[in-house]
Amino acid sequence: MYQTILFDLDGTLTNSELGITNSVAYALGKYGIQVPDKKALRVFIGPPLQESFERFYGFSKEECLKAIDYYHEYFSEKGLYENEVYLGVPDLLASLKQAGKQLIVATSKPEEFSIQILKHFGLYDYFDFVAGATMDRKRSKKSDVIQYALEQNGITDLAHTIMIGDREHDVLGAQAQKFDSIGVLYGFGSREELEEAGATYIAQEVGEIAAFIG
């Protein structure tokens, strides 16, 4: 049975595909790069933005930082709200909260934006703490965000702590801190990705998560 539950945001609590892909397309457009099919930009959902701009478009560090500024320009005005809560998530959070679980968001999205999204969609009050990336990008990797969340909440009982997310970064971030994880398949990662990363459990749907938590 797990007592402390860390949730990823994008692809786990909310379906943020439209807002993220539109923001990435806007940033790429500033460099004259047009993307006819925005589904190709789904690879940006989950990992830190700098990592994705470098990996998929070969941007230099300087180009990445400017592209991220362009991304935030669109995201802060429109992309934040081009988003929707996955069916069943509010009920899951309510039941876990009622059971006395400690609920934390751990996301590579900037903390400021994450809090705005959670409040906008009525999820903020379920959580005891929100840990996200910093706007200056000094804290952006998922493993660093998770470590920050643990430290800020004085969490040392890792045997009863679990991370829930849809990408390998969530699983690997939990492994780096030596605790378990649930990989979810309704988000943006594949079963193969999550299994190769070493997820402790795999949940096909939101409704399967509670049984793994206990």
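These legends go with several close-up views of a predicted model.

**View 1. The six-strand sheet, from one edge to the other.** Let's start with the sheet. Six strands line up in the order S5-S4-S1-S6-S7-S8, the sheet is open, and the pairing is parallel. Which strands stand at the edges? They are S5 and S8 (201–203), and each has a single partner strand, so one side of each is left without a neighbour in the sheet. From one strand to the next, the twist averages 20 degrees. As background, strands of a sheet pair through backbone hydrogen bonds, either parallel or antiparallel.

**View 2. Strand S5 and its partner S4.** Here we zoom in on S5, which covers residues 129–133. How many of the residues of S5 are buried? Five of its five are, and the strand is mostly covered. Its pairing with S4 (residues 102–110) is parallel and runs over four bridges. Two places to look for on the S4–S5 pairing are Ala-106, whose bridge partner in S5 is Ala-131, and Pro-110, which stands opposite Ala-133 in S5. To get from strand to strand, follow helix H5 (residues 111–120): S4, H5 and S5 make a right-handed β-α-β unit.

**View 3. Strands S6, S7 and S8 with their crossovers.** Now for another part of the sheet. S6 (161–165) and S7 (180–184) run parallel and are joined by four bridges. On that pairing, Ile-164 stands opposite Ile-182 in S7. Ile-182 also has a bridge partner in S8, namely Tyr-201. S7 and S8 pair in the parallel sense too, over three bridges. The chain gets from S7 to S8 through helix H8 (residues 191–197), and this β-α-β crossover is right-handed. S6, H7 and S7 also make a right-handed β-α-β unit. Is S7 enclosed or open? Four of its five residues are buried, so S7 is largely enclosed by the rest of the structure.

**View 4. Helix H6 lying across the strands.** H6 takes in residues 142–152 and lies across S1 (4–7), S4, S5 and S6. Relative to S5, it runs at about 150 degrees. Which residues of H6 are buried? Look for Lys-142, Val-145, Ile-146, Tyr-148, Ala-149 and Leu-150. An α-helix has 3.6 residues a turn, so residues three or four places apart point the same way. The cover over the buried residues of H6 includes S1, S4, H5, S5, S6 and H7. After the helix comes Gly-154, with a positive phi near 60 degrees.

**View 5. Two charges over two rings.** Time for some side chains. Arg-139 lies over the face of Tyr-148, 3.6 Å from the ring centre; Tyr-148 is one of the buried residues of H6. In the other example, the charged end of Lys-119 sits over the ring of Tyr-124, at 4.9 Å from its centre.

**View 6. An aromatic cluster around Tyr-31.** The whole structure holds 15 aromatic pairs. One of them joins Tyr-31 and Tyr-70 edge-to-face, with 6.2 Å centre to centre and 75 degrees between the planes. Why does this pair tie together separate parts of the chain? Tyr-31 is in the loop between H1 (17–29) and H2 (49–57), while Tyr-70 is in H3 (residues 61–77), so the pair links parts that are 39 residues apart in sequence. Tyr-31 itself is partly exposed, at 30% relative accessible area. Ring pairs link Tyr-31 and Tyr-70 into a cluster with Phe-44, Phe-53, Phe-56, Tyr-57 and Phe-59.

**View 7. His-169 in helix H7, and Lys-178 in the loop after that helix.** Both residues are easy to find once you have H7 (168–176). His-169 is in the helix. Is His-169 buried or exposed? Its relative accessibility is 17%, under the 20% cut-off, so His-169 counts as buried. Leaving out residues up to four places away in sequence, His-169 touches Pro-47, Pro-48, Glu-51 and Lys-142. Of these, Lys-142 is itself a buried residue of H6. Lys-178 is in the loop between H7 and S7, and is exposed, with a relative accessible area of 71%. Its backbone is worth a look: the phi of Lys-178 is near 65 degrees, a positive value in a residue other than glycine. Most residues other than glycine have a negative phi.

Notes. Residues are numbered from 1 along each chain as its sequence is written. This is a predicted model: local features need pLDDT of at least 70, side-chain atom pairs count only at pLDDT 80 or more; totals for chains, interfaces and linings use all residues. Side-chain values use heavy atoms; hydrogens and water are left out. Rings of Phe, Tyr and Trp (its six-membered ring) pair if their centres lie within 6.5 Å; planes under 30 degrees apart count as stacked, over 60 as edge-to-face and the rest as tilted. Buried means under 20% relative accessible area, exposed over 50%, partly exposed in between (1.4 Å probe, protein chains only). A charge sits over a ring if NZ of Lys or CZ of Arg is within 6 Å of the ring centre and within 35 degrees of the ring normal. Contact means heavy atoms within 4.5 Å. Two strands pair if DSSP finds at least two bridges between them. A crossover is right-handed if, with the strands pointing away from the viewer, the path from the first strand over the helix to the second runs clockwise. Axes are lines fitted to C-alpha atoms, for helices over the stretch in contact, and angles run from 0 to 180 degrees between N-to-C directions.
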